[in-house]
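Open the model in your viewer and keep the selection panel at hand. This tour moves from one selection to the next.

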Amino acid sequence: MRSLASIVLAFESIVLALATPVMISVADVDAGTALPLCLGLAVLALVAAGLLRNRVGYGLGWVVQVGAVGLGFVVPVMFVLGLAFAGFWVMAIVLGRRIEEAKAAQARAAG
């Protein structure tokens with residue numbers, strides 16, 4: 001589960017960082033607003049990916065998802081990207097748990 005979740009957060013941090021110049025140049029969002037919002041969320045996503053060994057990392061991952069969707073109130077297209085990554089996040093957790101359960105069942109059957 002941790003590897004899938006970290007992949008989602010890593011790619012999301014890249015997208016959030018790249019959204020910063022788009023927000024400034026295309027959507028005419030003030031740089032003082034766009035930089036802390038987007039880059040702050042990008043850094044938070046990387047921190048969350050690094051902390052996925054603990055439950056704190058997953059909590060921060062959920063905060064990143066809410067923040068990414070919330071950026072849609074600043075730039076409406078971010079609703080789409082935020083919801084897409086939130087969907088990837090949920091899928092990573094659900095599929096990751098299934099994989100861990102299958103590995104545990106296989107280990108019990110073998111040993």
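## Start with α4

Select α4 in this predicted model. Its 34 residues reach 49 Å from the first C-alpha to the last. That is close to the 50 Å expected at 1.5 Å a residue. The helix covers residues 77-110.

Now colour the buried residues of α4: Met78, Gly82, Phe85, Ala86, Trp89, Ala92, Ile93 and Gly96. What do the buried residues of α4 pack against? Show α1 and α3, and you have the partners.

An α-helix has 3.6 residues a turn, so residues three or four places apart point the same way. Keep that in mind while you look along the coloured positions.

## Zoom out to the chain

Show everything. The chain has four helices and zero strands. Read along the sequence, the pattern is α-α-α-α. Along the principal axes, the C-alpha atoms fill a box of roughly 60 × 20 × 15 Å.

Next, colour by burial. Of the 111 residues, 32% count as buried. Then turn to contacts with a separation of 6 or more: residues 24 or more positions apart account for 66% of them.

## Select α1

Pick residues 2-25, which form helix α1. This helix has 24 residues and reaches 35 Å from its first C-alpha to its last. The expected value, at 1.5 Å a residue, is 34 Å, and the helix comes close to that.

Highlight its buried residues: Ala5, Val8, Leu9, Glu12, Ser13, Leu16, Ala19, Thr20 and Met23. Which helices help to cover the buried residues of α1? The cover includes α2 (31-50), α3 and α4.

## Step to Gly61

Move to α3, residues 55-70, and select glycine 61 within this helix. Is glycine 61 buried or exposed? It counts as buried because its relative accessible area is 0%, under the 20% cut-off.

Show its neighbours, leaving out residues up to four places away in sequence. Glycine 61 then touches Leu9, Ala48 and Trp89. Two of these names have come up already: Leu9 is among the buried residues of α1, and Trp89 is among those of α4.

Draw a distance from glycine 61 to leucine 71, ten residues along the chain. Their C-alpha atoms are separated by 15 Å.

## Visit Asn54

Go to the loop between α2 and α3 and select asparagine 54. It is partly exposed because its relative accessible area is 45%, between the 20% and 50% cut-offs. Add valine 8 to the selection. The two are 46 residues apart in sequence and 17 Å apart in space, C-alpha to C-alpha.

## Look into the largest pocket

Select Met1, Arg55, Tyr58, Trp62, Ile93 and Arg97, which line the largest pocket. About 150 Å³ of space lies there. Helices α3 and α4 each supply at least two residues of the lining. The largest share, three residues, comes from α3.

Colour the lining by type. Four of its residues are nonpolar, none are polar and two are charged. Ile93 serves twice on this tour: it is in the pocket lining and is one of the buried residues of α4.

## Finish with the annotated spans

An unreviewed UniProt entry lists residues 33-52 and 59-92 for "transmembrane region". Select residues 33-52: the span is 90% helix and 0% strand, with its end C-alpha atoms 28 Å apart. Then select residues 59-92. Here the chain is 82% helix and 0% strand, and the end C-alpha atoms lie 14 Å apart.

Notes:
Residues are numbered from 1 along each chain as its sequence is written. This is a predicted model: local features need pLDDT of at least 70, side-chain atom pairs count only at pLDDT 80 or more; totals for chains, interfaces and linings use all residues. Side-chain values use heavy atoms; hydrogens and water are left out. On a 1 Å grid over the protein atoms alone, a cavity is a set of points where a 1.4 Å probe fits but cannot get out, and a pocket is an open set with protein on both sides within 12 Å along at least five of seven lines; lining residues have an atom within 4 Å of a point. Grid points are joined across faces, edges and corners, and a volume is the space filled by probe spheres set on the points. Ala, Val, Leu, Ile, Met, Phe, Trp, Tyr, Cys and Pro count as nonpolar, Asp, Glu, Lys and Arg as charged, and the others, Gly among them, as polar. Buried means under 20% relative accessible area, exposed over 50%, partly exposed in between (1.4 Å probe, protein chains only). Contact means heavy atoms within 4.5 Å. The expected span of a helix is 1.5 Å times one less than its number of residues. UniProt positions are given in the numbering used here, feature names are shortened, and annotations may be inferred rather than shown by experiment.
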